[in-house]
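Good morning, colleagues. Please bring up the sequence and the structure on your screens, and I shall begin as soon as they are displayed.

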Amino acid sequence: MHVKAALRVSLSVIICGILFLFAGAARAQGGRTITGNVKDEKGLPMTGASVSIKGTQKGTTTDSSGNFTLVLTDPNTVLIIAFIGYETQEIGVAKGSSFNVQLAPGKNIRQLEDLVVVGYGTQRKVNLTGSVAAVTSKDLDYRPVTNLTNALQGSMTGVTITTTGGQPGADVGAISIRGISTLYNSNAPMVVIDGIIGDLRDVNPNDVASISVLKDAASAAIYGSRAANGVLLVTTKRGRNGKMQVSYDAYVGKQKATALPDYLPSWQAATLYNQARVNEGQTPYWSDNDITLFKNGTDPDTHPNTDWQGLLYKGTGVQQNHYISVTGGDPKTQYSLSLGYFNQEGIIKKSAFKRYSSRLNLTSALSKNLSVNANLSFLYSNQVAPSGLGGGDIGGIIGTTAAMNSTVVNQYKNGVYNYLSFGNPIAWLNSPGYNNQQNYTFLGNVGADWEVLKGLHFRPSVSYRYNNNPLQEFKSADTYYNPTDPTVIATTISPSSLSNTSITNNYSNLQALLEYEKRISQHNFNILAGASQELTKYNYLYAYRQGFLNNSLSELNAASTLGQQTAGTANDVALRSVFGRARYAFADKYLLEANLRYDGSSRFGEGHKWGLYPSFSAGWNISRERFFEPLLGDITALKLRGSWGKLGNQNINSAYPSVAVVSSGQNYSFNQTVAPGIAPTNGANADITWERTTLTDVGLDLVMLGNRLIFTADYYVKNTNGILLQLPSSVVYGFTTPYRNAGSVRNSGWEFAAALSDKIGAFTYNIGANASINKNRITDLAGTGSMSTGYVVGEPIKAFYGYQVEGIFQTQQQVTNHATQSGGTIAPGDLMYKDISGPNKKPDGVIDGNDRTYLGSPFPGMTYGFTLGGGWKGFAVSAFFQGAFDVKNYLQGFALGSLQQPNIGNPTTIMLDAWTQAHPSDKFPRLWTTFTQNNPQNNISSFWVRNASYLRMKNITVSYTLPSGSLTRWGIQNLKIYYSGQNLLTVRSFYKWVDPETTTGNNAYGAYPQTKINTIGIDVVF
């Protein structure tokens, strides 16, 4: 042992001697040791800053105090000091031995250091461990959008928005975040506006400062029970410290339909109707003379060529917006006040939408450690639309107009309206009937921020949302006159009526947050704890009367009480929650976060009210590792992150699904006299609980080329279990079917986003792109579901099922040799269905329900968007494109074009390619009136379920900002004039005369068309 110890001592002495000799040699060659300290713009030490010797690979990094030490051999050494997000600095060290360096924020630091709004706070992008997408007011400026939903379409990964109509005030798209997560219940994400649960329609788009979308469990679990469908956090514009600033933004423009049905003129409609009758062995309905009269138009009363679409779409389509804001403040108090007015006249007469908005955001410091804040807004809107008894609301008017054949006259020469058995939709449109809906919404949030100790903040708040939606629908008497004597009433199809509805929602939230943040050397801790109590009260009131004396009276008391109706209901839904979050970061390299929320809902019974929602996430800023330093010149930042968590959903179509409730109208007969009564009618299940979603996410964030290029990628798997379903029950049960936690759905996908910005001389440019790929499938339906409903295990939700078409029969021999098809006399010109399967799962020579197969999904497999922008000396142009890929849709009935009767149903141009013996075709089958073999309404097939992928120029903006020097004498800081266009161009493979986002099947025929709009505007800052 003594020998070994002696050897160890000897070896240590030898190594120390060698090191001493090397050090002496270094000193003999002029080497010297220098020290230094690196701080940021606030004077705080910068841990992990890179300090390298220019022209070499030698260097070091700063410690937790920002200090560094280097041994130099060259007296003319130049050091390069760099840190992510800061301007690189070079210093010469020819003289001196100690150096203090202060780095300035880089020009593009906001890309890395910007604060992103997350649940109950903010976080730097560089330290995010969850998957959060965000847009700012800059992304929304100068776009003539009617609401925030449409503004977000295509702008963020993982967010799919489908807008199926353009009716003023009712053009809000359906939002899905990372696929459809539930089956028959609401798939809408949770919306939080300045801390208040609300709706995107509650906000004027001009008021928005930023919108964050919490997509994974790590970011959304803090909202627990309502976060399964994702969370949208809307932050409105705040005041600022400085002189008062007034801005005014206004535009005016005109709308036009993106697509309208291209129905054929009357002579062609009559010709094709004859052709369809002949195909079915019937005689022609219209004579050659009739068709001649239709063509030459010499007798418009009996042989017209009525352009029903032209009569319907006669609205002005003018749209205008005005917005004024006042911001300012001093070091203690900052304020932001705004007023907005929006007016949209529809492309259909009497359809319009007006919105008046106001908002006040205020922050004030009462003392050094206590501040208060208030966010208050009031919005009033009025949506108006025509109404008619026969067609119901505006959708009925649109749909019935589509059903009117061009061979039917609208008005005779003397002005009398023509009518069919159900009436005349243009008469309804021009009647005194109306459908008016108002919206009164108040949002208020008042809170305080008290720094109890350094780094420890207590933030109590009170939130309140009031929403009232009164609706008045008046349907005037549907009366028609004798065309030969306009003073004589020919018929009254239905009497006048009025219905008044009032829906009121009151939401309140008491909340308290406690947050502590502490940095110890390279360790950074952040802990949040909170509790909230929420209550939503819903009230519904309805009244109806009919038989007014005339169409000028439209108040309830002016009608008879005979047949009057009243109805009303109310419910309360409460939610109590405690939640917390812990974050830890070491040297901003290693990031950890955990969230936990415990929610209790009044919707569920005892023992099932509470749900626990945890999430865990981690991040690794690889670019801050020492081994990464050689790559920092090319790659500014590289981060890997991953997360796992559970989320919940309680949004089902019942306030009290777990308890039996009584309903009125359950009348009884006593001694032949009807006695009013109440009784339970709903089936209750006290054992149901939350729908639960488990979400796993892995992501990568990359910044390159000197912060000019940013790239983000995510992969996720999202499983929802315990979906609340109403499973079938026996007819002897006697109640509505109760809910059960029974279904399961899986979503998985990829998300990619990239942005490049740079300049060449005075020219600046930016390119951005994003793409989201999602695969959705049902994994459990508890034995329910069917092809006819579109709910089948293993396939996407609402999938299309039908027959696979192999082509169109061209000869009788093909018909004879093919499997047997039903639906009338099968002949050349009919669709040829593929024999896929029979009762024994093998082809059996018969086309029946066993041969149906999966044909596609109406939910896009991929959505994408990209932006191209540039600027030069005050001029700027930006174009934003949005699209969907791998998506299917189909039309039937009046939406596709039909030949049901000589006066009902219009053929479209697609039917000009129909198969005939003279002109055999493979583009469209032979025409029909009653046969079902080719009818998509009876036999959905791959011929009708078509590719609905599209690319749309969502917006283009061209602007010019006047030189500020020429404006100052007028007190103007900035003046911009601009042109903006929305939905100007759509490239699609679907029917050319149908918007690819339209609703499915025959429902499309009653949809208000989407619109394109061209506007000019001005933005002035005083």
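Directly after helix α7 comes G297, and its phi is positive, near 65°. I should state at once that this is a predicted model, and every value I quote is computed from it.

Let us turn to the helix itself. Which residues of α7 are buried? In this helix, which spans residues 288-296, they are D290, I291, L293 and F294. Viewed down the axis of α7, these residues lie within an arc of 160°, so they line one face of the helix. The general background is familiar: an α-helix has 3.6 residues a turn, so residues three or four places apart point the same way. On the other side of α7, D288 and K295 are exposed.

What covers the buried residues of α7? The cover includes α6, residues 266-279. The two axes come within 7 Å and cross at roughly 155°. Angles over 145 degrees count as roughly antiparallel, and α6 and α7 are therefore roughly antiparallel to each other. From α6, the residues in this contact are S266, W267, A270, T271 and N274; from α7, they are I291, F294 and K295. By character, the contact divides into 4 nonpolar, 3 polar and 1 charged residues.

Finally, the wider setting. The protein chain contains 12 helices and 50 strands. Its C-alpha atoms fill a box of roughly 120 × 70 × 70 Å along the principal axes. Of the 1022 residues in the chain, 50% are buried. Among contacts between residues at least 6 apart in sequence, 69% join residues at least 24 apart.

Notes
Residues are numbered from 1 along each chain as its sequence is written. This is a predicted model: local features need pLDDT of at least 70, side-chain atom pairs count only at pLDDT 80 or more; totals for chains, interfaces and linings use all residues. Side-chain values use heavy atoms; hydrogens and water are left out. Buried means under 20% relative accessible area, exposed over 50%, partly exposed in between (1.4 Å probe, protein chains only). Helices (H or I, at least four residues) and strands (E, at least two) are DSSP runs, numbered from the N terminus. The arc is that of the directions from the helix axis to the C-beta atoms. Contact means heavy atoms within 4.5 Å. Axes are lines fitted to C-alpha atoms, for helices over the stretch in contact, and angles run from 0 to 180 degrees between N-to-C directions. Angles under 35 degrees count as roughly parallel, over 145 as roughly antiparallel, 65 to 115 as roughly perpendicular and the rest as oblique. Ala, Val, Leu, Ile, Met, Phe, Trp, Tyr, Cys and Pro count as nonpolar, Asp, Glu, Lys and Arg as charged, and the others, Gly among them, as polar.
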